[in-house]
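Biologist: I am new to this one, so could you walk me through it?
Modeller: Gladly; let us look together.

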Amino acid sequence: MIPSPVPSSPPPLLRLRSARVTDAPLIAEIYVEGWRQAYPGLVPNTVLLQLSPNAQARQWAVALARQGVAESVVVAERANGRIVGFGSCGEARATRLPQAGEIFTLYVASDAQEQGVGRAVLWRLFDTLLDRGLNSALVWVLAGNPARFFYESMGARRIAERTEHLWNTDLPQVAFGWDDLRAVPRDRSPWPR
Ligand SMILES: CC(C)(COP(=O)(O)OP(=O)(O)OC[C@H]1O[C@@H](n2cnc3c(N)ncnc32)[C@H](O)[C@@H]1OP(=O)(O)O)[C@@H](O)C(=O)NCCC(=O)NCCS
């Protein structure tokens, strides 16, 4: 059977673009929702309860205004202007691991998950890293976060473990890595189902 070609540009239902400062409130909303979905039992409940979309929006606005060499932020936007996911990447932060780039964040709104948005954002982050000459990447995930299965299904392999101590809590984490971003199979349509 002849494989159907992977479309070279997204259909109008989802657009991937660089984030702007004005996206900060929507990014913050997805970020807070993502933490409250993914981290119960992994980080203290008080931390999750105290997360404030307004405070996060202010922090994201500052980060987006500074966006550039250190961090690039990508959003997935529906045709109606609603942002349904975002991610950020840059040079790997202090690490003894060989991967040059790092995925810092990746969050998809709960009602938009399992529709291919995470994959589409991740692939755009890979392209962003490749454009900057960073041909390999890693991502740190809390060890109990089911997102680790997502990264495995995106071709990453488990490469390291560490435990951070924050909020009086041990936070075991696992790193997943891609040794060559150019070789990550992209045989699926990256656009949402
Ligand atoms: C992890 C996350 C970004 C995945 O985004 P998504 O849009 O739901 O994922 P996609 O629909 O693009 O999934 C792509 C593939 O990964 C698989 N997948 C996604 N999440 C998975 C999970 N938790 N367990 C197993 N497989 C998963 C999908 O089934 C799909 O498989 P396919 O290629 O066979 O179709 C999203 O679930 C999320 O935002 N979670 C909460 C926040 C979080 O934990 N972020 C990561 C912080 S490091």
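What follows is a short chat about a pair of helices and a ligand.

Modeller: This is a predicted model, where local features need pLDDT of at least 70, side-chain atom pairs count only at pLDDT 80 or more, and totals for chains, interfaces and linings use all residues. Residues are numbered from 1 along each chain as its sequence is written, and side-chain values use heavy atoms, leaving out hydrogens and water.

Biologist: Is α1 parallel or oblique to α3?
Modeller: The axes (lines fitted to C-alpha atoms over the stretch in contact, with angles from 0 to 180 degrees between N-to-C directions) of α1, residues 24–38, and α3, residues 53–66, come within 8 Å and cross at roughly 125 degrees. Helices here are DSSP runs of H or I with at least four residues. Angles under 35 degrees count as roughly parallel, over 145 as roughly antiparallel, 65 to 115 as roughly perpendicular and the rest as oblique, so α1 is oblique to α3.

Biologist: Which residue of Glu114 and Pro146 has a backbone N or O atom 2.8 Å from an oxygen atom of the ligand?
Modeller: For Pro146, a backbone N or O atom lies 3.3 Å from a nitrogen atom of the ligand. The 2.8 Å distance to a ligand oxygen atom belongs to a backbone N or O atom of Glu114.

Conventions: Helix = DSSP H or I, 4+ residues; strand = E, 2+ residues; numbered from the N terminus. Polar contact = N/O pair within 3.5 Å; in protein donor to acceptor, adjacent residues only side chain to side chain.
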